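Below is a short report on one protein chain and its metal site. Please read it alongside the sequence and the 3D view.

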Amino acid sequence: MFENKPLPYAIDTLEPVISAKTLSFHHGKHLQAYVDNLNRLLPGSGLEGLPLEEIVRRSATAIASSLPAPTGNLQAIFNNAGQVLNHEMYFAQFRPASSVMPGPTGHLKSQIEKQWGSLQAFQDEFTAKGVGLFGSGWVWLSAQEDGTLVITQEPGAFNPVQKGLKPLLTFDVWEHAYYLDWQNRRGDQLKALWGILDWGVVEKRYNTR
Ligand SMILES: [Fe+2]
């Protein structure tokens, strides 16, 4: 059984970028529903007991190879498992707005500068790709096996693990992530998210790939 992991910070400490009201719905309702759905769908699927990333990978592969169409349950398992994985990574990467926010250091810093020239140039491209993603989905920074970084736009519940990438950082561009606080101003919220990003979490993911 999967559980909705508690937020690693108090619910009102990401304000004004992400309000307590948004978090109460986003974490307490949306993610909780994905967790509950996944737990309901897994028994008898042949995927129960596997790690979350493995469930996402295997269900995606099964759907892609299924002829002529995947079963409804398999698609639902993928959708819900993908969204649990995406949201767990999303919520874990922030820190209170009042805390000191150092940028990336070490290998991650040097790799970003090598590929984009500066942290600001990387952030601008990442934000633009989040703004430019049509409909609901996620913008991701991931690492390839050789440490090279890549930004991808993933629709719906997709996660870069499906492409064999190591996901490091993500912004949720589903409307439920920003609409209560920012209405239609997706880009403004994405720009503000850099101010609460815990680069230490991103760097740890990069260094343990
Ligand atoms: Fe979300």
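## The iron site

In this predicted model, four side chains coordinate the iron ion: His26, His87 and His176 through NE2, and Asp172 through OD. The distances run from 1.9 to 2.1 Å. Around the iron ion, the 4 donor atoms subtend angles of 90 to 126 degrees. The arrangement is therefore tetrahedral, since the criterion asks that all angles lie between 85 and 135 degrees. For four tetrahedral donors, the ideal angle is 109.5 degrees.

Along the chain, the donors of the iron ion are spaced as H-x60-H-x84-D-x3-H. One pair of donors ties distant parts of the chain together: His87 belongs to helix H3 (residues 72–92), and Asp172 to strand E3 (residues 166–172). These two are 85 residues apart. Both His87 and Asp172 are buried.

## Sheet layout

The strand that carries Asp172 belongs to an open sheet of 3 strands. The order is E2-E1-E3, and the pairing is antiparallel. E2 (149–155) and E3 stand at the edges. Each has a single partner strand, so one side of each has no neighbour in the sheet. From one strand to the next, the twist averages 25 degrees.

Helix H5 (residues 119–131) lies across E1, E2 and E3. H5 runs at about 145 degrees to E1.

## Strand E1 and its partners

E1 spans residues 137–143 and is joined to E3 by 6 bridges, with the two strands antiparallel. On the E3 side, Trp138 has Asp172 as its bridge partner. That residue is also an iron ligand. Ala143 is paired with Lys166 in E3.

E1 and E2 also pair in the antiparallel sense, over 7 bridges. Trp138 has a bridge partner here too: Glu154 in E2. Ser142 stands opposite Val150 in E2.

How much of E1 is covered? The strand is mostly covered, with 7 of its 7 residues buried. Side chains in a regular strand alternate between the two faces of the sheet. In E1, Gly137, Val139, Leu141 and Ala143 point one way. Trp138, Trp140 and Ser142 point the other way. All of these residues are buried.

## The E1–E2 hairpin

The hairpin of E1 and E2 has 5 residues between the strands. Among them, Gly147 takes a positive phi near 95 degrees. Thr148 also sits in the loop between E1 and E2.

Is Thr148 buried, partly exposed or exposed? Its relative accessibility is 25%, so Thr148 counts as partly exposed. Leaving aside residues up to four places away in sequence, Thr148 touches Gln111, Gln115, Ser142 and Ala143. Two of these contacts, Ser142 and Ala143, are residues of E1. The C-alpha atoms of Thr148 and Lys114 are separated by 9.7 Å, though the two residues are 34 residues apart along the chain.

## The chain as a whole

The chain has 8 helices and 3 strands. Read along the sequence, the pattern is α-α-α-α-α-β-β-β-α-α-α. The C-alpha atoms fill a box of roughly 45 × 40 × 30 Å along the principal axes. A compact globule of 209 residues would have a radius of gyration near 17 Å. The chain has 17 Å, which agrees.

Of the 209 residues, 46% count as buried. Contacts link remote stretches of sequence: among those between residues at least 6 apart, 70% join residues at least 24 apart.

## A position on helix H1

Asp36 is found in helix H1 (residues 20–41). The helix also includes the residue numbered in the iron ligand His26. With 40% relative accessibility, Asp36 counts as partly exposed. Asp36 and Arg185 are 149 residues apart along the chain, and their C-alpha atoms are separated by 30 Å.

Note on methods
Residues numbered from 1 in each chain as written. Predicted model: local features only at pLDDT ≥ 70, side-chain atom pairs only at ≥ 80, totals over all residues. Heavy atoms only, no water. Donors = N, O, S within 2.8 Å, 3.2 Å for Na, K, Ca; no water. Tetrahedral: all angles 85-135°; square planar, octahedral: opposite > 155°, others 65-115°. Helix = DSSP H or I, 4+ residues; strand = E, 2+ residues; numbered from the N terminus. Buried < 20%, exposed > 50% of the residue type's maximum accessible area, 1.4 Å probe, protein only. Pairing = 2+ DSSP bridges. Axes fitted to C-alpha atoms, helices over the stretch in contact; angles between N-to-C directions. Contact = heavy atoms within 4.5 Å. Rg over C-alpha atoms; globule rule 2.2 N^0.38 Å.
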